[in-house]
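Visitor: I should like to understand the reasoning behind the terms used for this model. Please begin with the terms themselves.

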Amino acid sequence: MKLYAPSTIKEIEERYGFRFTKSLGQNFLVSKHIIDCIMEDSFISQEDLVIEIGPGIGVLTEEAARRAKRVIAIEIDKALIPILEDTLKEYDNVTILNQDVLKTDLEELIQNCHAREKGGKVRIIGNLPYYITTPIIMKILEDGVSADSITVMMQKEVADRIKSAPGKKTYGALSVAVQYYCTVQQICSAPKEAFVPKPKVDSSVLRLDIRTEHPVALKSEKLFFTCVKAGFGQRRKTLLNSLTGVAGLSKEAVREILKLAVIDPVRRSETLNLQEFAELANAMADYKNNHHQE
Ligand code: SAM
């Protein structure tokens, strides 16, 4: 049975009385080409543990099960569980969890599998539910989940923001945050026709390779993200204005911090690269230390 065939989805709808739930972002992949792209560029090997987010009826899960040592697929929709148990019954290396990925302790799953001790890597994959793409990615990164890569389909607009370089309209807090934790690679684009039902927007697949070392040295990660958030919160303002009031700092204090960081106060956040954000945050940390501020 070709799981990705639209006729299979129809058959499943009839046999199980399955109905798509729009609010769960259910757009199932029906393009073998895109499925192959995701698989090839996830670099899954036989020793690896794959965690799949939102398996649907199992198109990616099945391919991952053929390549990996173990696959854990996390699906929130209870109606899909008996379907997945059926479509994946040939594979004894797949575990299906009926859970909300945002409430799942991914690190605990990884530790329980001991994948790394056995020489394997941890690959997170998925055609993400678009309504929670950013929360899912940020949860994995901020929780410090010990995965090696995240290869996921998402709305093109979100992918463009994640991979954006400074100076572009798409460059923002999400670009800086993800690029701080990962190197970003665009794998392929997917037109609306690659899904059933067809979504309203085009999609892209990105591979995020989680860095083993941070790309910049920070005195305070918290202050770094405070600067990024504040800077892009008011992106049309100059840095001097957008940072005034942040962490209780006066305009004069911000002026001094920007001078310490050798950053022109009339620049805007969208022109700052990762290194410059780090210099800004480090100068802010020094200033606060010298002025005994918390
Ligand atoms: N992987 C399948 C495919 O490519 O055909 C389905 C992808 S579909 C875009 C997203 C899947 O994520 C759906 O099966 C949906 O039920 C599931 N999902 C939505 N919210 C979720 C959540 N919070 N936790 C886990 N799965 C979720």
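Guide: A polar contact is a pair of N or O atoms within 3.5 Å. The model to which this is applied is predicted.

Visitor: What makes the pairing of Y131 with the ligand a polar contact?

Guide: A nitrogen atom of the ligand is 2.9 Å from an N or O atom in the Y131 side chain. The cut-off is 3.5 Å, so the pair qualifies as a polar contact. Taken alone, the ligand exposes 590 Å², and the protein buries 99% of that.

Visitor: How do you know that E75 and D100 make polar contacts with the ligand?

Guide: A polar side-chain atom of E75 lies 2.6 Å from a ligand oxygen atom, and one of D100 lies 2.8 Å from a ligand nitrogen atom. Both pairs therefore meet the limit of 3.5 Å.

Visitor: Why is C113 called buried?

Guide: The relative accessible area of C113 is 11%. Buried means under 20%, so the term applies to C113.

Visitor: Why is C227 called buried?

Guide: C227 has a relative accessible area of 0%; because this is under 20%, C227 is buried.

Visitor: How many disulfides does the rule give?

Guide: The count is zero. A disulfide requires a pair of cysteine sulfur atoms within 2.5 Å.

Terms used
Residues are numbered from 1 along each chain as its sequence is written. This is a predicted model: local features need pLDDT of at least 70, side-chain atom pairs count only at pLDDT 80 or more; totals for chains, interfaces and linings use all residues. Side-chain values use heavy atoms; hydrogens and water are left out. A polar contact is a pair of N or O atoms within 3.5 Å; within protein, one must be able to donate a hydrogen and the other to accept it, and residues adjacent in sequence count only if both atoms are side-chain atoms. Accessible areas come from the Shrake-Rupley method with a 1.4 Å probe; for residues, only the protein chains shown count as cover. Buried means under 20% relative accessible area, exposed over 50%, partly exposed in between (1.4 Å probe, protein chains only).
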